[in-house]
Amino acid sequence: MHLSDKKVATWLSQMGETMASGISPAEAAGLVGGLPERTQSALVEHFESGLSWGKAVESVLLFLTDTERSVLVAAEASGTLPTSIERLSEQRKQRAAFKVKMVLAMLYPFFIIHFAILIVPIQHIIDGDYGAYAKVLGMIYLPLWSFGGLMIIWSRIFPTQSRSLLRRVPLFGKYSLHRDMASLSETLAACGLAGLNLEYSWAMAASSVGSQRFLKLGESVLILIAQGKPVSDAFSEYRWLPQYFVQQHKVGERTGQLVDNLETVSYTHLTLPTNREV
């Protein structure tokens with residue numbers, strides 16, 4: 001099941017606000033619309049049966065990302081569900097805003113390329129050979145549109161590989177890093193609030209991001225945790241880590257305010273792509 005970022009953001013926001021007012025998850029799920037009727041009914045039934053959010057994200061809320069599921073599981077354990085749900089809603093809103101920005105940014109070169117293709121064989125029009133002109137356009141447009149269509153289909157069938165490919169594109173890569181850092185920091189903060197141990201927190205956070213380089217980072221961190229060393233000792237090997245994250249994590253380790261610092265890092269990276277960097 002696929003839902004747009006805008007729909008998911010609206011649903012999460014309304015769920016967070018409703019639950020913050022003291023309404024139970026079952027009642028909130030019944031009051032808040034935005035989901036397909038079958039999904040909403042299944043969610044209400046799920047909560048009325050006394051099952052947890054952890055079970056819900058596995059069997060009902062399949063439209064959520066791995067990071068969102070991890071955050072909800074940790075937030076439920078820490079009793080911070082309304083706040084965490086609101087923050088996830090903000091992440092979805094930022095993602096939707098970025099997608100709109102990317103579409104608008106890509107429209108300009110799209111029209112320039114198509115206009116240039118129309119101009120290149122203009123000599124055929126001058127000569128009055130409209131058939132040759134149409135043939136040349138077909139020979140260019142057909143492969144171009146076919147390639148674009150295949151790329152769209154490929155991204156739908158292999159979303160993980162397509163995201164990995166986009167991370168290598170400079171413009172998308174900047175956004176992906178900010179999004180991934182926000183996800184990592186948010187999951188770690190939620191796990192910290194829940195009182196989960198560092199080993200479990202990092203294993204969950206690194207795997208939920210869905211990036212190979214974060215998995216390698218997680219493996220290095222787990223080795224240090226097993227050795228009783230500070231987590232931040234692993235960061236020097238990964239020069240792609242933003243300095244702001246490294247600094248805030250080290251300060252948090254020393255002052256005992258790691259959770260607060262991670263929440264600040266999450267918010268900062270969440271707002272960077274649409275406000276300044278990208």
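Which backbone nitrogen does a side-chain oxygen of N197 reach at the start of α11? The views below begin there. This is a predicted model, in which local features need pLDDT of at least 70, side-chain atom pairs count only at pLDDT 80 or more, and totals for chains, interfaces and linings use all residues. Residues are numbered from 1 along each chain as its sequence is written, and side-chain values use heavy atoms, with hydrogens and water left out.

**View A. Helix α11 and its two ends.** The backbone nitrogen is that of E199, with the side-chain oxygen of N197 within 3.2 Å. Helix α11 covers residues 198-209 (helices are DSSP runs of H or I, at least four residues, numbered from the N terminus). Its twelve residues should span 16 Å at 1.5 Å a residue, and the end C-alpha atoms, 17 Å apart, agree with that (the expected span is 1.5 Å times one less than the number of residues). Buried residues of α11 include W202, M204 and V209 (buried means under 20% relative accessible area, exposed over 50%, partly exposed in between, with a 1.4 Å probe and protein chains only). After α11 comes G210, with a positive phi near 80 degrees.

**View B. V103 in helix α6.** Helix α6 runs over residues 81-119 and holds V103. With a relative accessible area of 49%, V103 is partly exposed.

**View C. N261 in helix α14.** Here we meet N261, in the helix of residues 258-277. Its relative accessible area is 10%, so N261 is buried. The N261 side chain reaches the backbone oxygen of Q248 at 2.9 Å.

How values were computed. A polar contact is a pair of N or O atoms within 3.5 Å; within protein, one must be able to donate a hydrogen and the other to accept it, and residues adjacent in sequence count only if both atoms are side-chain atoms.
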